[in-house]
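Visitor: I am new to this structure and should like to learn how its features are read. May we go through them in turn?

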Amino acid sequence: MDLSALTAISPVDGRYRNVTKDLSAYFSEYALIKYRVFVEVEYYIALTKFNIPQLSTLDTTVTQKLQSIYKNFSEADAQAIKDIEKTTNHDVKAVEYFIKQKFDEIGLSEQKEFIHFGLTSQDINNTTIPYTFKLALNEVYYPAIAELIDLLKQYVNDWKDVSMLAHTHGQPASPTRLGKEIQVFVERLEKQLELLKQVPYSAKFGGATGNFNAHHIAYPDHDWKGFGNHFVNEVLGLNRSQFTTQIEHYDNFAAQCDALKRINNIILDLDRDMWTYISMNYFKQKIKAGEIGSSAMPHKVNPIDFENSEGNVGIANALYEHLAAKLPVSRLQRDLTDSTVLRNIGVPVAHTLIAIKSTIKGLGKLLLNETALQADLEANWAVVAEAIQTILRRDGYPNPYEALKELTRTNTGVNAQTIAGFVDTLDVSESTKQELKNITPGNYTGI
């Protein structure tokens, strides 16, 4: 079978292709090849500005022709490199040979040996991959998570005055406001995003074992460390690791994976809370004509979007955990285990994107059922006991906690009349009695 959304093995490229397709520009085989070409070309251009005797500064026309190699890079170009790889059996060397062909077309044949000069393949891979990872987060992930946060902020405002019974340990607890409970997730997401954005996109660039051996032996009077820092930090916009083996040590990439996992866990927590509120009838869901909730039970409208998100968070986080644990570990100056693992970094990002979009879709279906919220508050007058005993503590009343415990910690019902009757028995001032009687589950919601 030909590869299509119907024949793809992974649902990332199959069932959820419409959700994840934007990530192909950063994590596909085509993208990896394209941005390898980008790094190689920009490296050559940087060399021409570094006082290499055999290289002269390029004029604008030639620079534009060189940059057009990656700016106009096509699938046909990527296939041409894959065809070269059939002979070289080395993916980065195939890129080098492809660019050499382009140099012949441009009229730079005499300069071809300065393509990939002094480098090892990991100088290309360990700049290309953090570069595309950065692009993907900036252009796809951050806008998606911002859309989710913006929707949550809208609900914070819409529901800021909606009283709701809280539940701790699954039991009725001091009432809260629905908008505030949503704000909890907003703050958590924003704080963790802030931490994620502080982690540098680290890159390795220093030759076969990180020491610029080949560069230094050819041009010992040149400041290759300064060149590498400028190229990686200024030209590519990454952060060059100063001391490496043949490969980047991936510690900061592991930190990014851990940060993405924490953000996903917050989304998972939100999914489960929304799912539970729906099961408690605090929310109903918008009904779309033609949709089926259950193949057997016609009445059902299932919270499938939150469930879908939860499942995809689980897959994403399992992969983030593996990436964070595996990539920083490599035998001596390198082994090849990072190579195949790195090719999968787009997969957890894709499952993360599916999760975010599913949560957004689920949130968009919510219909607040204030009647159910009010009924639950009215059925749980025992929660005002905390308020009453606190005021009694304030006024020096003896053993207020124990008195309220006797009243409320029973299997009989506690309601407004029960509370009012108890207040009438207290040896306190009339003003304090009125203060206590004004407390209800609906207004005892704090700040």
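Guide: Let us begin with one pair of side chains. In this predicted model, the side chains of E430 and K433 meet in a salt bridge, with 3.9 Å from N to O.

Visitor: What is the general idea behind such a pair?

Guide: Side chains of opposite charge can pair when their charged atoms come close. Spacing along a helix also plays a part: an α-helix has 3.6 residues a turn, so residues three or four places apart point the same way. In this case, E430 and K433 are separated by about one helical turn, because they stand 3 residues apart in helix α19 (residues 430-437).

Visitor: Are E430 and K433 buried or exposed?

Guide: E430 counts as exposed, because its relative accessibility is 59% and the cut-off for exposed is over 50%. K433, at 11% relative accessibility, counts as buried.

Visitor: Which residues of helix α5 form a salt bridge of this kind?

Guide: The side chains of K82 and E85 meet in a salt bridge, at 3.2 Å from N to O. These two are 3 residues apart in helix α5 (residues 75-88), so about one helical turn separates them. K82 has a relative accessibility of 27% and therefore counts as partly exposed.

Visitor: Which helices are linked by the salt bridge of D91 and R36?

Guide: The side chains of D91 and R36 form a salt bridge at 3.0 Å, N to O. This pair links distant parts of the chain: D91 belongs to helix α6 (residues 91-106) and R36 to helix α3 (residues 29-47), 55 residues apart. Both D91 and R36 are buried.

Visitor: Which residues are linked in a network of salt bridges?

Guide: The network joins E29, R36, K82, E85, D91 and R343. In the whole structure, a search finds 26 salt bridges.

Visitor: How should one read the sides of a helix? Which residues of α17 are buried?

Guide: One looks for the directions in which the buried residues point. In helix α17 (residues 400-408), the buried residues are P400, L404, L407 and T408. They cover an arc of only 80 degrees around the axis, so they lie on the same side of α17. These buried residues pack against α16 (385-394) and α18 (416-424).

Visitor: Where does D335 lie, and which side chain does the side chain of D335 contact?

Guide: D335 is found in the loop between α12 (304-326) and α13 (337-342). With a relative accessibility of 13%, D335 counts as buried. Its side chain makes a polar contact with the side chain of T337, at 2.5 Å.

Visitor: How many helices and strands does the chain have, and how is its overall form read?

Guide: The secondary structure amounts to 19 helices and 6 strands. The radius of gyration is 31 Å, well over the 22 Å that the globule rule gives for 447 residues, so the chain is more spread out than a compact globule. Along its principal axes, the C-alpha trace spans about 100 × 55 × 40 Å.

Visitor: What do burial, contacts and surface add to that picture?

Guide: Of the 447 residues in the chain, 49% are buried. Among contacts between residues at least 6 apart in sequence, 76% join residues at least 24 apart. The chain exposes about 22500 Å², of which carbon and sulfur atoms supply 51%.

Conventions: Residues are numbered from 1 along each chain as its sequence is written. This is a predicted model: local features need pLDDT of at least 70, side-chain atom pairs count only at pLDDT 80 or more; totals for chains, interfaces and linings use all residues. Side-chain values use heavy atoms; hydrogens and water are left out. A salt bridge is a side-chain nitrogen of Lys or Arg within 4 Å of a carboxyl oxygen of Asp or Glu. Helices (H or I, at least four residues) and strands (E, at least two) are DSSP runs, numbered from the N terminus. Buried means under 20% relative accessible area, exposed over 50%, partly exposed in between (1.4 Å probe, protein chains only). The arc is that of the directions from the helix axis to the C-beta atoms. Contact means heavy atoms within 4.5 Å. The radius of gyration is taken over C-alpha atoms; the globule rule is 2.2 Å times the number of residues to the power 0.38. Accessible areas come from the Shrake-Rupley method with a 1.4 Å probe; for residues, only the protein chains shown count as cover. A polar contact is a pair of N or O atoms within 3.5 Å; within protein, one must be able to donate a hydrogen and the other to accept it, and residues adjacent in sequence count only if both atoms are side-chain atoms.
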